[in-house]
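Subject: Handover of a structure and notes on its contents

Dear colleague,

Please find below the structure that I am handing over to you. My notes on what was found in it follow directly after.

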Amino acid sequence: MARALRQAELGLYTTQPNPRVGCVLAHGEEIVGAGWHRRAGEPHAEVFALRAAGERARGATAYVTLEPCAHFGRTPPCADALIAAGVSRVVVASEDPFPKVDGRGLEKLRAAGIAVQTGLSRDAARDLNRGFFSRIERRRPWLRVKLAMSLDGRTALANGQSKWITGAAARADVQHWRARSSAILTGSGTVLADDPRLTVRLGDGIEFKAPQRVVLDCTLRTPAGAQVLDGSAPTLIFHGEDASAVDTRFAQAELAAAPLRDDRLDLGAVLATLAERGINELQVEAGPTLCGALFAAGYVDELLLYVAPVVLGSEARPLLSLPALTSMDAARRLRVIDQRQIGSDQRLLLRE
């Protein structure tokens with residue numbers, strides 16, 4: 001199963017909105033076939049593994065990181081393919097909550113007389129596809145906030161200048177987190193202040209599916225010429241229901257109205273819409289106001305934080321805009337999931 005999980009990781013940048021899945025076929029400790037799902041609409045991991053194994057698939061054990069599908073979608077059912085190949089046993093890391101699967105694949109395999117075991121490395125398999133499981137089970141994407149700060153917890157100078165707090169290695173590292181995301185979200189304030197491109201820039205030969213750019217712009221104040229409107233990647237702009245565009249600024253972007261709450265876009269409604277559109281992992285790269293609002297609303301699943309060995313002073317801008325606390329008991333405490341040195345900076349991955 002560890003080998004199957006490594007196979008699944010090969011699709012980290014390419015499979016969305018589908019989950020990342022790997023499959024290994026073995027006779028005892030001898031591996032006879034392995035495969036992984038590359039992109040939506042193409043064969044699933046089981047098919048590639050069965051092709052690699054050929055006739056040696058008969059009587060083998062299949063180790064699959066996600067329950068084999070049992071329905072006809074853009075590809076035929078993988079459960080049928082495993083049955084036709086004559087495998088004797090299927091070990092599944094995690095059940096698939098997608099309504100058209102959700103136990104049906106396991107039932108079909110058992111009905112064909114194949115021994116089925118579930119739960120081996122379930123936590124690792126779910127974590128690899130945390131966005132997919134969030135979208136299906138919670139009806140919203142897995143939300144990751146990316147921030148960079150100084151040692152004294154500041155993200156920009158008082159005048160807004162922030163390039164660059166972190167070093168080149170950290171900025172290159174961010175590109176890999178963008179590449180694994182289905183979408184990158186920011187606010188119109190960040191667009192006006194920094195004019196970000198929000199695209200993925202990786203080395204030559206690294207394949208990825210360009211994440212959608214999402215801008216929260218209640219009054220449609222994104223200016224003409226902004227890089228998020230350049231058409232280099234798909235862009236979706238959420239705006240208030242009363243806002244309208246009377247010019248051609250948004251010719252290469254899609255506009256979507258969202259309801260307001262307290263004179264701001266309803267973040268819950270935005271996230272639900274993104275889930276309906278197949279967004280699994282959502283990376284937020286925005287200022288302290290939007291990031292603070294997401295934290296306060298309880299929508300942040302993990303924080304990707306780069307800490308640079310610099311000090312910006314008390315007048316510089318804070319990491320998050322949050323209501324003042326009156327007791328330490330009200331402090332939100334995070335768990336460090338991963339910590340490592342990236343160039344001269346520290347990278348922390350934190351969850352509640």
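A helix is here a DSSP run of type H or I with at least four residues, and helices are numbered from the N terminus. Alanine 172 belongs to one of these, helix H7, which covers residues 168–179. Please keep in mind throughout that the model is predicted.

Alanine 172 has a relative accessible area of 43%. Partly exposed is the class between 20% and 50%, so alanine 172 is counted as partly exposed. Between the C-alpha atoms of alanine 172 and threonine 14 there is a separation of 19 Å, while along the chain the two are 158 residues apart.

Next, I turn to a pair of helices. Helix H3 consists of residues 78–85 and helix H4 of residues 104–111; their axes come within 9 Å and cross at roughly 20 degrees. An angle under 35 degrees counts as roughly parallel, and H3 is therefore roughly parallel to H4. The crossing of H3 past H4 is right-handed. On the side of H3, the contact is made by Ala79, Asp80, Leu82 and Ile83, and on the side of H4 by Gly105, Lys108 and Leu109. Sorted by character, the residues of this contact comprise four nonpolar, one polar and two charged.

Which cysteine sulfur is closest to that of cysteine 23, and why is there no bond between them? The closest one belongs to cysteine 78, but at 8.5 Å it is too far for a bond, because a disulfide requires two cysteine sulfur atoms within 2.5 Å. Cysteine 69 is likewise in no disulfide: the nearest cysteine sulfur, again that of cysteine 78, is 3.8 Å away. By this rule, the count of disulfides is zero. Cysteine 23 is buried, with a relative accessible area of 0%, and cysteine 69 is also buried, at 7%.

Finally, is glutamine 252 buried or exposed? Its relative accessibility is 51%, and the cut-off for exposed is over 50%, so glutamine 252 counts as exposed. Glutamine 252 sits in the loop that runs between strand E10 (235–240) and strand E11 (254–258). Leaving aside residues up to four places away in sequence, glutamine 252 touches Leu229, Asp230 and Gly231. From C-alpha to C-alpha, glutamine 252 and proline 234 are 8.0 Å apart in space, with their positions 18 residues apart in sequence.

Yours sincerely,
A colleague

Conventions: Residues numbered from 1 in each chain as written. Predicted model: local features only at pLDDT ≥ 70, side-chain atom pairs only at ≥ 80, totals over all residues. Heavy atoms only, no water. Buried < 20%, exposed > 50% of the residue type's maximum accessible area, 1.4 Å probe, protein only. Axes fitted to C-alpha atoms, helices over the stretch in contact; angles between N-to-C directions. Helix = DSSP H or I, 4+ residues; strand = E, 2+ residues; numbered from the N terminus. Parallel < 35°, antiparallel > 145°, perpendicular 65-115°, else oblique. Left-handed = near helix turned anticlockwise from the far one by under 90°. Contact = heavy atoms within 4.5 Å. Nonpolar A, V, L, I, M, F, W, Y, C, P; charged D, E, K, R; others polar.
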